[in-house]
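Welcome! Here are a few exercises to work through at your own pace, each followed by a solution in steps. Have a look at the structure before you begin.

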Amino acid sequence: MRLKLRKLLDRALTTCGYLAIGGMALFLLWVLVPVFTKGFGAYVFRGTVEHRRMMVGEFGRGDLDRLRAELAEVLRVRETVYQAVAAFERELDAMPAARRKALKPAFREVREGVSVLLGPEPGAPMPALTRRLYGQTRWEKAREKADDILFEETWVYSDAGSRRVLVPRAPQFEGTALAPVFTSLERDLAAMLRPRITVYPRFLTDRSIDAHFFGGIGPEVLGTLYLSLGALLVAVPLGIVAAVYFQEYAKEGPRVAFLRSCVNTLAGVPSVVFGLFGLAFFINTLHVSPGKSVLAGALTLALLVLPTVIRASEEAIAAVPRAYKEGAMALGAGRFRTVATVILPAALPGILTGIVISMGRAAGETAPIIFTAAVSVGQMVKPSEVLSQPTPALSWNLYNLCTEHEAVDELRHVQFGMAATLVLIVLALNLAAILLRARIARRLKG
Amino acid sequence: MLLSPGERMRRRLAELAGRGVLFGITSVAALAVLAIIFFIARDALPFFTQVGAREFFLSTEWYPAHQPPRFGAAAIFAGSLLVTATAVLLAVPLGLFAALCMSDVLPFGVRQVLKPVIEMLAAIPSVVYGFFALTVVAPLMQNGGSWLPGQFEIASGVNALTASLILGVMALPTIVSVSEDALQAAGRELREGSYALGATRAETLFKVVIPASVSGLFSAVLLGVMRAMGETMVVWMASGNAAQIPRPWYNLLQPVRTLTATIAGDMGEADQMTGSAHYHVLFAMGLCLLLVSFACNLAGEWIVARQRKRLRGG
């Protein structure tokens, strides 16, 4: 009996372990699957004719003649809607005051909805905002907007909570000149917008137009590259030198123990504190730039990844077989020459692993760059401006777009596209590190 | 090889100079942390002299923009504490079981596959976790009344529980990898001795391996605490940012505000704020975070050193 219980407990432990690990793997999937599937939608989607019009208008890309032909056909279908709206406006003026008052707000919403869905009516004055120049560029968004015209959203409150109810608008306008709008929107939406599978790889490099309503995430990607490469440019030489010193030169003693413990402590500093330090030191004390800049951000990030670089390099140097070093010494090489020509080359793959992982870390960090480098809206920063200009960056702009942006719900596809791109960059770097490590392990074994 | 005295002297000098340069550069890298303390403290001190520590630590009235401003951060400290504690409570058992399983149960091949999974979990940027919390977890939480047992009033999907859940997951990789190393370090002999006495695997783990590696496990927990406490983006995006102590205090379904999120959120207008009390109070918060992380670090190093001494002595 007692033995049975002991065996049962043993089983229970194993099960708990498997559950914990399975839970972790499932969570990883739960995060990655939506980010990647929806992020993919920023690159491949059903683009409408408005997307092609925007591409020609803003980027000068696409076949102009074909677009003209397409627009002519589309306009023929849309004409029903425009005529109905114009006719109803005249009809409205002739209505009795009470009925006019009842219908006018709904009519306004419909007219507004039509212009959001299809873009400004031909011949109407040009809107000031670029986002109003074009209709819906993505088919799934267009269907949502069409539903906004066809149905009125109301909320029903009860004890069980609130519930969203969609009330069709068409009955309200039964028998008026506006009625054809609803039937034709329901029947001919595809003909009005001509959705087609669109591959948009240049989402990665295109500039953003009107705060990400159109275009891509080029400035953010570029900013992330500047920041992470800049951080490495500072952290890698410092880190390798420190690692060489710790491994090859330092004699263990209180002084070295103190330096080591400083490096460990640096690794534990919260990332937002790095941001505060960057602001207080690089910007407010050293004045490396008049305000936020790529330079200040890169320096801050360099400090953040420094412990990682030092540790990885130390491990790589420690893993170099002693025989290499002794052989070099026996040949009469001094210590410096041994390090430079034998130890560092042998440790290089290991050091590279650390560098690649640090780059991923620097690319993904947000808190340290908020006060030192990041801006919400910005265009591509030229290489000559990195010393003085702030930059958008994937991590910060993802935060900004999904919390502070004026149209958070409209731009979900851009947010997911950014998140997927950022995760892809970071995971690709980590994968490179894993492969490098596997290669080292193989080489050491064989 | 014989060298002339002059040549030997030259080489010796070069060696010394090289060592000096290396030491100098290493010191710069290592002493950065002292610079961090200095500059954070320098900008935090004016707050304590102008406003005083009493209001900061004891009052819950956080109205930095009012006239006169009030800087009572007690609720914010409580928020940080609540979120961190919940995250660690969630992550530690899960992480320890996963580490046990990885070090003693799973075959070597499976472990090789799982390591990258854990690394990936650690590599995903915190802002992506925050985005995930906001777009996937928060809506689920919002409709939570229906799938959670009992009657809950969930005002908003962004609350202490959402933030803690995600923070817990983010602390997991640290806890798992550090405690797995600790468990591995306990060595084969101990395990085989225990098995030879007829103990089951669970008994070996709980009565022999875990006691032997308890200091390593403890430092894993400390690192997890530090990770959860210092995390900014997730709590900023998913905790609701209301500077209040939940009522009752353990009610995780209410929004809270943490130190890191306050720093990140309030420093937005830093350019115009430099020098104001609001600017300095954020540095005071940064200083508190810094001190707590130092304390955790020192505690971790002390435990490891003590363990090493005990092993050497015994």
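## Exercise 1: The second largest cavity

The residues lining the second largest cavity fall into 5 nonpolar, 4 polar and 1 charged. Keep in mind that you are looking at a predicted model.

**Task.** Find which residues line the second largest cavity, and which helix gives the largest share of the lining.

**Solution.**
- Step 1: Begin with the volume, which is about 40 Å³ for the second largest cavity.
- Step 2: List the lining, which consists of B:Ser80, B:Val83, B:Thr84, B:Leu167, B:Ala228, B:Met229, B:Glu231, B:Val235, B:Thr258 and B:Thr260.
- Step 3: Turn to the elements: α3 (74-105) and α10 (214-230) of chain B each contribute at least two lining residues.
- Step 4: The largest share belongs to α3(B), with 3 residues.

## Exercise 2: The largest cavity

**Task.** Work out how many cavities of 30 Å³ or more a search of the whole structure finds, and describe the lining of the largest cavity.

**Solution.**
- Step 1: The search gives 2 cavities of 30 Å³ or more.
- Step 2: For the largest cavity, the volume is about 110 Å³.
- Step 3: It is lined by 13 residues, and those closest to its centre are A:Phe45, A:Thr137, A:Tyr200, A:Gly215 and A:His413.
- Step 4: In chain A, α2 (49-59), β6 (214-215) and α15 (412-445) each provide at least two residues of this lining.
- Step 5: Sorted by class, the lining of the largest cavity holds 8 nonpolar, 4 polar and 1 charged residues.

## Exercise 3: Two cysteines

**Task.** Find how many disulfides the whole structure has, then explain why B:Cys288 is in none.

**Solution.**
- Step 1: Over all chains, the search finds 0 disulfides.
- Step 2: For B:Cys288, the nearest cysteine sulfur is that of B:Cys296, 14 Å away.
- Step 3: A disulfide needs two cysteine sulfur atoms within 2.5 Å, so B:Cys288 is in no disulfide.
- Step 4: B:Cys296 is in no disulfide either, as its nearest cysteine sulfur is that of B:Cys288.
- Step 5: Check accessibility too: B:Cys288 is buried at 13% relative accessible area, and B:Cys296 is buried at 12%.

## Exercise 4: Two buried side chains

**Task.** Say which backbone oxygen the side chain of A:Thr338 reaches, and which one lies 2.6 Å from the side chain of B:Ser239.

**Solution.**
- Step 1: Place A:Thr338 in helix α12 (residues 335-364) of chain A.
- Step 2: A:Thr338 has a relative accessible area of 1%; buried means under 20%, so A:Thr338 is buried.
- Step 3: Its side chain reaches the backbone oxygen of A:Gly334 at 2.6 Å.
- Step 4: Beyond neighbours within four places in sequence, A:Thr338 contacts A:Lys325, A:Ala328, A:Met329, A:Ala333 and A:Ile343.
- Step 5: B:Ser239 sits in the loop between α11 (233-238) and α12 (259-266) of chain B, and is buried with a relative accessible area of 0%.
- Step 6: A polar atom of the B:Ser239 side chain lies 2.6 Å from the backbone oxygen of B:Val235.
- Step 7: Leaving out neighbours within four places in sequence, the contacts of B:Ser239 include B:Val158, B:Asn159 and B:Pro255.

## Exercise 5: A tryptophan

**Task.** Decide which residues A:Trp30 touches, not counting those up to four places away in sequence.

**Solution.**
- Step 1: Locate A:Trp30 in helix α1 (residues 2-43) of chain A.
- Step 2: With 35% relative accessibility, A:Trp30 is partly exposed.
- Step 3: A:Trp30 touches B:Phe132, B:Val136, B:Val137 and B:Leu140, with residues up to four places away in sequence left out.

Notes: Residues numbered from 1 in each chain as written. Chains lettered and ligands numbered in written order. Predicted model: local features only at pLDDT ≥ 70, side-chain atom pairs only at ≥ 80, totals over all residues. Heavy atoms only, no water. Buried < 20%, exposed > 50% of the residue type's maximum accessible area, 1.4 Å probe, protein only. 1 Å grid on protein atoms, 1.4 Å probe; cavity = no way out; pocket = protein on both sides within 12 Å on 5 of 7 lines; lining within 4 Å. Points joined across faces, edges and corners; volume = space filled by probe spheres on them. Helix = DSSP H or I, 4+ residues; strand = E, 2+ residues; numbered from the N terminus. Nonpolar A, V, L, I, M, F, W, Y, C, P; charged D, E, K, R; others polar. Polar contact = N/O pair within 3.5 Å; in protein donor to acceptor, adjacent residues only side chain to side chain. Contact = heavy atoms within 4.5 Å.
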